[in-house]
Amino acid sequence: MATRVISPARQAWRKGLFPFLKFAWDKEPVIVVSCVLGSTLPLTYLLFPRSYWEKVAAENKAIPNKYPTPIRYVEGKTGEPTTV
């Protein structure tokens, strides 16, 4: 009967996530860093979904978005235009 050889990566994965990440870091650190950085934003959004919208609402309250309408020059009703 033939013995099935299990790869070191699969053995590390069976031990858990952290042993697998250590094995992957020893083999390909650039790929591990890119995967961690790429998964940071979606995981942060899943963990704190309300914080982004609360920040947007606070910024909308702090910045005025209703400005006074400038008075147009109407002959006989307003003064001469100053910037012509």
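Outside its neighbours within four places in sequence, R14 is in contact with R4 and I6. R14 itself lies in helix α1. Its relative accessibility is 54%. R14 therefore counts as exposed, the cut-off being over 50%. The model is predicted, and the values reported here are computed from it.

The fold around this residue is helical. The protein chain has 4 helices and 0 strands. Along the sequence, the pattern reads α-α-α-α. Burial is reported for the whole chain. Of the 84 residues in the protein chain, 4% are buried. The chain exposes about 8,500 Å². Carbon and sulfur atoms supply 65% of that area.

Two packed helices are described by the angle between their axes and the distance between the axes. Helix α1 spans residues 8-15, and helix α2 spans residues 17-27. Their axes come within 5 Å and cross at roughly 150°. Because of this angle, α1 is roughly antiparallel to α2; the class takes in angles over 145 degrees. The crossing of α1 and α2 is right-handed. On the α1 side, the contact is made by P8, A9, A12, W13 and K15. On the α2 side, L17, P19, F20 and F23 take part. By class, the residues of this contact divide into 8 nonpolar and 1 charged, with no polar residue. The charged one is K15 of α1. The aromatic residues in the contact include W13 of α1 and F20 of α2.

The second helix pair is α2 with α3. Helix α3 covers residues 29-47. The axes of α2 and α3 come within 6 Å and cross at roughly 125°. That angle makes α2 oblique to α3, since it falls outside the parallel, antiparallel and perpendicular ranges. From α2, the contact draws on A24, W25 and K27. From α3, P29, V32 and V33 contribute. The contact of α2 with α3 has 5 nonpolar residues, no polar residues and 1 charged residue. Here the charged residue is K27 of α2.

Helix α2 thus takes part in both contacts, because L17, P19, F20 and F23 meet α1, while A24, W25 and K27 meet α3. The axes cross at roughly 150° for α1 with α2 and at roughly 125° for α2 with α3.

Technical notes
Residues numbered from 1 in each chain as written. Predicted model: local features only at pLDDT ≥ 70, side-chain atom pairs only at ≥ 80, totals over all residues. Heavy atoms only, no water. Axes fitted to C-alpha atoms, helices over the stretch in contact; angles between N-to-C directions. Helix = DSSP H or I, 4+ residues; strand = E, 2+ residues; numbered from the N terminus. Parallel < 35°, antiparallel > 145°, perpendicular 65-115°, else oblique. Left-handed = near helix turned anticlockwise from the far one by under 90°. Contact = heavy atoms within 4.5 Å. Buried < 20%, exposed > 50% of the residue type's maximum accessible area, 1.4 Å probe, protein only. Areas by Shrake-Rupley, 256 points an atom, 1.4 Å probe, with all protein chains shown as cover.
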